[in-house]
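Grab a pencil and open the viewer. Below are some exercises to work through, each with a solution in steps.

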Amino acid sequence: MAQEYDHTPRPTRAWVLHPEFTSDRERRPAKPALEEAVSLAAALPGLEVVGADVVPLPKVRPGYLFGSGKTEEIADRLKAEEVELVLIDGSVTPVQQRNLEKIWKVKILDRTGLILEIFGDRARTREGVLQVELAALSYQRTRLVRAWTHLERQRGGLGFVGGPGETQIEADRRAIDEAITRLRRQLAKVVKTRDLHRAARRKVPFPIVALVGYTNAGKSTLFNRLTGAEVMAKDMLFATLDPTMRAVTLPTGKRVILSDTVGFISDLPTQLVAAFRATLEEVLEADLILHVRDIAHPDSADQAKDVLAILDDLGVDEKTPVIEVWNKTDLLPEDEVAALKERAAREEMIYTMSALTGDGIDPLMRAVTDALDDERHELTFSLPYAEGRKRAWLYEQGVVENETQTEDGYELTVLWTARQQKTFREL
């Protein structure tokens with residue numbers, strides 16, 4: 001009898017290290033930071049996290065990041081566990097990466113490289129793929145290290161986990177610059193198309209409601225519940241990468257566009273913030289922002305600060321109303337949920353809910369309706385008979401209060417919002 005062989009590739013054995021800078025008083029708590037780093041690693045297919053440690057770091061060693069004793073201690077541990085890849089939850093210089101790889105005899109990926117790998121694996125739309133490639137090349141360009149007269153490439157591009165290659169540093173930098181220029185041209189065309197779609201949406205004056213929040217806060221689960229869509233929603237960091245938009249009808253019959261955006265994360269690589277600005281600009285167009293928080297997470301408050309910092313960095317208008325959604329109450333004990341509901345009731349624009357069970361959806365939808373219930377004003381004006389398309393649009397919007405015919409056209413009385421009036425003038 002012929003022997004059967006399992007051709008499934010063996011997962012790469014990975015170890016996660018979180019350097020805790022003990023001299024930094026503003027540092028994040030080490031335990032949840034390490035847990036997040038492990039979750040990031042788990043989000044990348046083909047990796048098996050076999051261990052994770054917090055490494056106290058009184059000061060950074062320029063050449064090796066860690067002190068010599070700690071470096072040797074980690075080397076012994078990695079060898080014993082047959083580790084092939086080390087994920088360092090922080091920034092690692094090209095020199096530190098090269099030196100540690102030589103001593104530990106493993107491949108090393110820092111936080112930025114890992115997030116880029118995840119994004120590279122998740123991007124599906126043309127724009128998303130181009131943005132990830134651009135971010136990866138920008139990151140790779142910073143990893144060019146002179147090793148005598150040649151370059152040892154440090155994982156760059158999409159496939160950091162793959163092996164290194166060698167080429168002359170000047171030729172490599174020139175090739176990267178040419179690729180970046182080409183990608184920017186391609187991305188500009190895609191962004192232009194997105195702008196055209198955005199302009200078309202402005203002519204249909206549906207308000208835009210953007211879901212934002214820390215990755216894995218439950219945005220996609222809430223999006224699916226409100227729209228009936230089937231956007232990927234898993235207990236995994238960056239389950240959703242490409243933005244998704246759907247129409248939603250509010251209890252009053254008013255229609256809005258709901259936009260699910262990429263999740264934010266602390267220390268989001270600057271290359272990604274820059275590359276994904278076009279996608280995140282959907283948030284800039286929003287009439288209302290729903291900031292979804294995983295209120296059951298021990299680091300929820302710090303996560304919220306990170307999200308608000310990125311919104312500020314994007315240049316979101318301070319006048320844009322923001323409703324804070326305290327999600328995942330189903331994960332908390334009843335007494336804690338009751339306390340949260342009391343606290344939220346005392347605050348404006350804060351609502352507790354569980355997107356998974358649907359608890360709290362109705363009050364949230366009423367709040368969205370109230371926030372978008374634009375003040376209406378009455379106006380009477382004449383419209384020539386030749387402007388039949390504009391007249392039809394007014395009736396589609398349901399804003400016509402009275403109409404009489406004259407020799408020259410229609411005498412119309414309408415009750416509309418400032419947004420509808422602006423759109424009417426642009427028709």
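Helices and strands are DSSP runs, with at least four residues for a helix and at least two for a strand, and they are numbered from the N terminus. Keep in mind that you're looking at a predicted model.

**Exercise 1. Work out which elements line the largest pocket, and what kinds of residues they bring.**

Step 1: Start with the space itself. The largest pocket holds about 480 Å³.

Step 2: Find the middle. The lining has 19 residues, and those closest to the centre are His18, Phe21, Arg27, Arg28 and Asp267.

Step 3: Look for the elements behind the lining. E1, H4 and helix H10 (300-314) each supply at least two residues. Strand E1 gives the most, with 4 residues.

Step 4: Sort the lining by class. You get 11 charged, 5 polar and 3 nonpolar residues.

**Exercise 2. Lay out the open sheet that contains E1, and find which strands stand at its edges.**

Step 1: Write down the order. This open sheet has 4 strands, arranged E2-E1-E3-E4, and the pairing is parallel.

Step 2: Check the ends. Strand E2 (47-57) and strand E4 (107-110) each have a single partner strand, so one side of each has no neighbour in the sheet.

Step 3: Add the twist, which averages 20° from one strand to the next.

Step 4: Zoom in on one pair. Strand E3 (residues 85-88) and E4 run parallel and are joined by 4 bridges. In this pair, Leu85 stands opposite Lys107 of E4.

Step 5: Now put helices on the sheet. Helix H3 (residues 94-104) lies across strand E1 (12-21), E3 and E4, and it runs at about 145° to E4. Helix H4 (residues 111-122) also packs on the sheet, where it touches E3 and E4, with its direction at about 85° to that of E4.

**Exercise 3. How many cavities of 30 Å³ or more does the whole structure have, and which residues line the largest one?**

Step 1: Here's an idea to start from. Rolling a probe the size of a water molecule over the atoms shows where empty space is left.

Step 2: Count. Searching the whole structure turns up 4 cavities of 30 Å³ or more, and the largest cavity has a volume of about 60 Å³.

Step 3: List the lining of the largest cavity: Val209, Leu226, Val248, Leu250, Val256, Leu258, Leu290, Met365 and Val368. Two elements give two or more residues each, namely strand E10 (255-260) and helix H12 (361-372).

Step 4: Sort by class again. This lining has 9 nonpolar residues, no polar ones and no charged ones.

**Exercise 4. Take Leu226, which lines the largest cavity, and describe the helix it belongs to.**

Step 1: Find the helix. Leu226 is in helix H7 (residues 219-227), where it is buried along with Lys219, Ser220, Leu222, Phe223 and Asn224.

Step 2: Ask what covers these residues. The cover includes strand E8 (208-213), strand E9 (244-249), E10, strand E11 (288-294) and H12.

Step 3: Look just past the helix. Gly228 follows H7, and its phi is positive, near 75°.

Step 4: Follow two of the covering strands. E9 and E10 run antiparallel, joined by 6 bridges, and Ala247 stands opposite Ile257 in E10. Their hairpin has 5 residues between the strands, and Gly253 there has a positive phi near 95°.

**Exercise 5. Is strand E16 mostly covered or mostly open, and which strands pair with E16?**

Step 1: Count buried residues. In strand E16 (residues 409-417), 7 of the 9 residues are buried, so "mostly covered" fits.

Step 2: Take one partner. Strand E14 (residues 376-384) pairs with E16 in the antiparallel sense over 9 bridges, with Arg376 opposite Thr417 in E16.

Step 3: Take another. Strand E15 (residues 400-405) is joined to E16 by 5 bridges, again antiparallel. Asn402 has Thr413 of E16 as its bridge partner. E15 and E16 form a hairpin with 3 residues between them.

**Exercise 6. Decide why Thr352 counts as buried.**

Step 1: Place the residue. Thr352 is found in strand E13 (residues 350-352).

Step 2: Use the cut-off. Buried means under 20% relative accessible area. Thr352 is at 13% relative accessibility, so it counts as buried.

Step 3: See what's around it. Leaving aside neighbours within four places in sequence, Thr352 is in contact with Trp326, Thr329, Leu340, Lys341, Ala344, Asp359 and Gly360.

Methods
Residues numbered from 1 in each chain as written. Predicted model: local features only at pLDDT ≥ 70, side-chain atom pairs only at ≥ 80, totals over all residues. Heavy atoms only, no water. Pairing = 2+ DSSP bridges. Axes fitted to C-alpha atoms, helices over the stretch in contact; angles between N-to-C directions. Contact = heavy atoms within 4.5 Å. 1 Å grid on protein atoms, 1.4 Å probe; cavity = no way out; pocket = protein on both sides within 12 Å on 5 of 7 lines; lining within 4 Å. Points joined across faces, edges and corners; volume = space filled by probe spheres on them. Nonpolar A, V, L, I, M, F, W, Y, C, P; charged D, E, K, R; others polar. Buried < 20%, exposed > 50% of the residue type's maximum accessible area, 1.4 Å probe, protein only.
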